[in-house]
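Grab a viewer and work through these exercises one at a time. Try each task yourself before you read the solution under it.

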Amino acid sequence: NAAALVVVDTNLPKASLDYLAQHCTAPLFADPVSTKKAVKLLGNLGRLHTLKPNRLEAELLSGVAIGADSRGLERAAQTLLDTGLQRVFITLGTEGIYAAQGTQRCFLPALPAKIRSATGGGDAFMAGLAWAYLRGESLNETTRLALAAATIAVEGAQTINPALSPQAVRARRFPKQEETG
């Protein structure tokens with residue numbers, strides 16, 4: 001509880017996730033990992049601060065189908081926020097990222113990348129979310145930094161790309177865009 005934030009994923013047992021959600025006073029960031037494991041978060045979504053589902057996990061957790069247009073993304077994000085969740089970042093693979101917090105919305109397309117290994121991309125994205133949160137960044141800047149971290153991560157042949165650094169992330173992010181909401 002003295003931590004600035006806590007990051008979990010659904011590889012933990014449900015009982016552990018339930019305990020953390022019910023007792024952790026630090027902001028709790030969660031990665032659903034897969035549709036099979038994401039169900040462990042049901043019942044505790046409103047106790048989380050930040051959630052990073054992919055499209056299928058967001059559909060499962062929100063109960064909203066995400067079609068080809070942005071309306072499904074918006075409905076799914078709003079349904080998740082309505083649980084009490086503070087922020088949601090729906091990863092869309094090569095299509096980009098949709099983020100929502102309160103009345104703010106942000107969509108960024110994927111950054112151009114020479115993918116060498118997808119391993120570690122999601123973890124780098126979550127690390128970027130945590131880092132940006134600790135820096136007090138806006139939703140838009142948080143999304144930009146996390147996307148840049150994930151892009152650098154997948155360009156490395158190793159699980160942890162040695163080129164990943166705060167300086168590299170700042171240099172790689174999209175030019176600043178206005179938030180909507």
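**Exercise 1: two helices side by side**

In this predicted model, the axes of helix α5 (residues 121-134) and helix α6 (residues 139-154) come within 7 Å and cross at roughly 150°. Work out how to class that angle, which hand the crossing has, and which residues make the contact.

Solution.
- Step 1: Angles over 145 degrees count as roughly antiparallel, so the roughly 150° between α5 and α6 puts them in that class.
- Step 2: Check the hand: α5 passes α6 in a right-handed crossing.
- Step 3: List the contact. α5 brings Gly121, Ala124, Phe125, Gly128, Leu129, Trp131 and Ala132. From α6 come Thr142, Leu145, Ala146, Leu147, Ala149, Ala150, Ala153 and Val154.
- Step 4: Sort by class, and you get 12 nonpolar residues, three polar ones and no charged ones.

**Exercise 2: another helix pair**

Now take helix α3 (residues 55-62) and helix α4 (residues 70-81), and find how they are oriented and what touches what.

Solution.
- Step 1: The two pack at an angle of about 55°, and their axes are 9 Å apart.
- Step 2: α3 and α4 are therefore oblique to each other.
- Step 3: As for the hand, α3 makes a left-handed crossing with α4.
- Step 4: On the α3 side, the contact uses Ala58, Leu61 and Ser62; they meet Ala76, Thr79 and Leu80 of α4.
- Step 5: The class count here is four nonpolar, two polar and no charged residues.

**Exercise 3: reading the sheet**

Trace the open sheet: what is the strand order, and which strands sit at the edges?

Solution.
- Step 1: Six strands line up as β1-β2-β3-β4-β5-β6, with mixed pairing.
- Step 2: The edges are β1 (6-9) and β6 (104-108), each of which pairs on one side only.
- Step 3: For a parallel example, pick β3 (residues 50-51) and β4 (residues 87-91), joined over two bridges. Thr50 stands opposite Arg87 there.
- Step 4: For an antiparallel one, go to β5 and β6, with five bridges. Tyr98 has Phe107 in β6 as its bridge partner.
- Step 5: Look at the turn too: β5 and β6 form a hairpin with two residues between them, and Gly102 in that turn has a positive phi of about 55°.

**Exercise 4: helix over sheet**

Which strands does α5 lie across, and how is the ring pair of Phe29 and Tyr133 arranged?

Solution.
- Step 1: α5 lies across β1, β2 (28-31), β3, β4 and β5 (97-101), and runs at about 165° to β2.
- Step 2: Count the aromatic pairs in the structure: two.
- Step 3: In one of them, Phe29 and Tyr133 have ring centres 5.3 Å apart and planes at 70°, so this pair is edge-to-face.
- Step 4: Place the partners: Phe29 belongs to β2 and Tyr133 to α5, so to speak distant parts of the chain, 104 residues apart.

Methods:
Residues are numbered from 1 along each chain as its sequence is written. This is a predicted model: local features need pLDDT of at least 70, side-chain atom pairs count only at pLDDT 80 or more; totals for chains, interfaces and linings use all residues. Side-chain values use heavy atoms; hydrogens and water are left out. Axes are lines fitted to C-alpha atoms, for helices over the stretch in contact, and angles run from 0 to 180 degrees between N-to-C directions. Helices (H or I, at least four residues) and strands (E, at least two) are DSSP runs, numbered from the N terminus. Angles under 35 degrees count as roughly parallel, over 145 as roughly antiparallel, 65 to 115 as roughly perpendicular and the rest as oblique. A crossing is left-handed if the near helix is turned anticlockwise from the far one by less than a right angle, and right-handed if clockwise. Contact means heavy atoms within 4.5 Å. Ala, Val, Leu, Ile, Met, Phe, Trp, Tyr, Cys and Pro count as nonpolar, Asp, Glu, Lys and Arg as charged, and the others, Gly among them, as polar. Two strands pair if DSSP finds at least two bridges between them. Rings of Phe, Tyr and Trp (its six-membered ring) pair if their centres lie within 6.5 Å; planes under 30 degrees apart count as stacked, over 60 as edge-to-face and the rest as tilted.
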